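Hello,

Here is the structure I promised to pass on to you. Have a look at it first, and then read my notes below with it open beside you.

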Amino acid sequence: MSADDGSPGYDPVTDPGSDPHGADVGSDGTELSYRTLPKRFREAETIGELVATVRAYGWLPPFVAVALCGLAAGLFQFLTGPYTIANGYFFRGWPAAVLINVFFGVFLTGFFWFLYFGVIGALTGFFAEDRAMDTDVFKIGGYLLLLFAPSLLAGGLLATTIPASVATPQGQGPEASIAVQRALSATIQLQVAGALLAATWVAVGFLLIPLVAQLYGVTRKQSVVAVLPVTLLTVVTTVLVV
């Protein structure tokens with residue numbers, strides 16, 4: 001490992017046995033514990049320092065961030081479900097329903113984490129001198145996905161104000177279920193929830209542009225070309241689905 005690999009505080013002279021990508025690096029002998037991670041993000045003065053901090057702390061914080069986002073997504077799925085709204089949330093077997101939705105939310109979050117940031121990383125690689133995929137784009141993506149947690153929780157809380165009558169089927173069969181889905185989608189609560197999620201995707205895209213440019217060593221215009229189309233497609237999909 002070299003001293004100029006972008007990791008903060010790595011000095012091979014004073015700390016020759018440390019891994020510059022581990023969470024215990026410190027040229028002054030202090031431990032880079034996970035408790036100090038928020039502070040190091042706040043103290044970063046440049047995009048380069050932010051990227052270096054992401055690299056230094058490894059994979060555990062991004063995985064935790066994805067899991068938290070998945071938990072919020074699962075609760076959102078539960079709180080906005082037609083059966084949940086129609087039966088007052090605390091129906092018989094609701095804990096199992098929460099667990100199933102959380103499992104699905106974590107899976108869906110992981111899928112979008114891999115797809116969205118993977119496609120952007122691959123597109124940016126076409127403009128970089130080294131066309132290999134930089135896996136640090138997924139680390140950055142993990143942190144950015146945390147932005148969805150408050151949006152998802154806010155959308156779920158809004159859904160709790162939807163009257164049960166809106167989600168109650170007026171009849172039997174798939175036609176009644178489709179009518180309920182349309183009625184729920186037309187409520188102001190779920191429209192606001194969809195707008196919050198779409199706005200969060202836009203924020204993630206804008207934050208990702210300089211980070212990707214720094215990570216791959218490309219210009220801001222090139223990173224915009226890589227990030228903007230994927231983000232717009234994701235925003236449109238979110239608006240249509242929620």
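**What I found**

Of the 242 residues in the protein chain, 44% count as buried. Please keep in mind that this is a predicted model.

Let me begin with the overall layout. The protein chain has ten helices and zero strands, so to read along its sequence is to follow the pattern α-α-α-α-α-α-α-α-α-α. Taking the contacts between residues at least 6 apart in sequence, 69% join residues that are at least 24 apart. The chain exposes about 13,000 Å², and carbon and sulfur atoms supply 68% of that area.

**Helices α2 and α3**

Helix α2 covers residues 47-56, and Thr53 has its place there. Is Thr53 buried or exposed? Thr53 has a relative accessible area of 4%, which is under the 20% cut-off, so this residue counts as buried. Its side chain reaches the backbone oxygen of Glu49 at 2.9 Å. Thr53 has company, as the buried residues of α2 are Val51, Ala52, Thr53, Val54, Arg55 and Ala56. The cover over them includes α1, α6 and α9. Just after α2 comes Gly58, which takes a positive phi of about 75 degrees.

Arg55 leads us over to helix α6, where Asp136 lies. The side chains of Asp136 and Arg55 are joined by a polar contact of 2.8 Å. Asp136 is itself buried, because its relative accessible area is 10%. Leaving out residues up to four places away in sequence, Asp136 touches Arg55 and Leu215.

Helix α3 runs over residues 60-79, which makes 20 residues. From its first C-alpha to its last it reaches 29 Å, close to the 28 Å expected at 1.5 Å a residue. Its buried residues include Pro61, Pro62, Cys69, Gly70, Phe76, Phe78 and Leu79. Among the elements that cover the buried residues of α3 are α1 (37-43), α4 (82-86), α5 (94-125) and α9 (188-216).

**The nonpolar cores**

Which residues touch the most other members of the largest nonpolar core? They are Tyr116, Phe117, Ile140, Phe148, Leu152 and Leu208, in a core of 41 residues. The elements that give two or more residues to this core are α2, α3, α5, α6, α7, α9 and α10 (220-241). Helix α9 gives the most, with twelve residues.

For a closer view of this core, try Leu208. Not counting residues up to four places away in sequence, Leu208 touches Tyr116, Phe117, Ile120, Ile140, Leu144 and Val227. There is also a second, separate core of 14 residues, which includes Leu79, Phe91, Ile162 and Leu190.

**Aromatic rings**

How many aromatic pairs does the structure hold? There are 14 aromatic pairs. One of them is formed by Tyr83 and Phe91, and it is edge-to-face, with 5.1 Å centre to centre and 85 degrees between the planes. The two partners differ in how they are covered: Tyr83 counts as exposed at 53% relative accessibility, whereas Phe91 counts as buried at 12%. The cut-offs are over 50% for exposed and under 20% for buried, which is why the two get these labels.

Ring pairs also link Phe111, Phe112, Tyr116, Phe117, Phe148 and Trp201 into a cluster. You will recognise Tyr116, Phe117 and Phe148 from the largest nonpolar core, where they are among the residues that touch the most other members.

**A loop residue to look at**

My last stop is Phe127, in the loop between α5 and α6. Phe127 counts as partly exposed because its relative accessibility is 34%. Leaving aside its neighbours within four places in sequence, Phe127 is in contact with Val218, Gln222 and Val225. Phe127 and Ala213 are 86 residues apart in sequence, and their C-alpha atoms are 10.0 Å apart in space.

That is my tour of the structure. I hope you enjoy exploring it.

Best wishes

Terms used
Residues are numbered from 1 along each chain as its sequence is written. This is a predicted model: local features need pLDDT of at least 70, side-chain atom pairs count only at pLDDT 80 or more; totals for chains, interfaces and linings use all residues. Side-chain values use heavy atoms; hydrogens and water are left out. Helices (H or I, at least four residues) and strands (E, at least two) are DSSP runs, numbered from the N terminus. Buried means under 20% relative accessible area, exposed over 50%, partly exposed in between (1.4 Å probe, protein chains only). Contact means heavy atoms within 4.5 Å. Accessible areas come from the Shrake-Rupley method with a 1.4 Å probe; for residues, only the protein chains shown count as cover. A polar contact is a pair of N or O atoms within 3.5 Å; within protein, one must be able to donate a hydrogen and the other to accept it, and residues adjacent in sequence count only if both atoms are side-chain atoms. The expected span of a helix is 1.5 Å times one less than its number of residues. A nonpolar core is a set of buried Ala, Val, Leu, Ile, Met, Phe, Trp, Tyr and Cys residues joined through side-chain atoms within 4.5 Å. Rings of Phe, Tyr and Trp (its six-membered ring) pair if their centres lie within 6.5 Å; planes under 30 degrees apart count as stacked, over 60 as edge-to-face and the rest as tilted.
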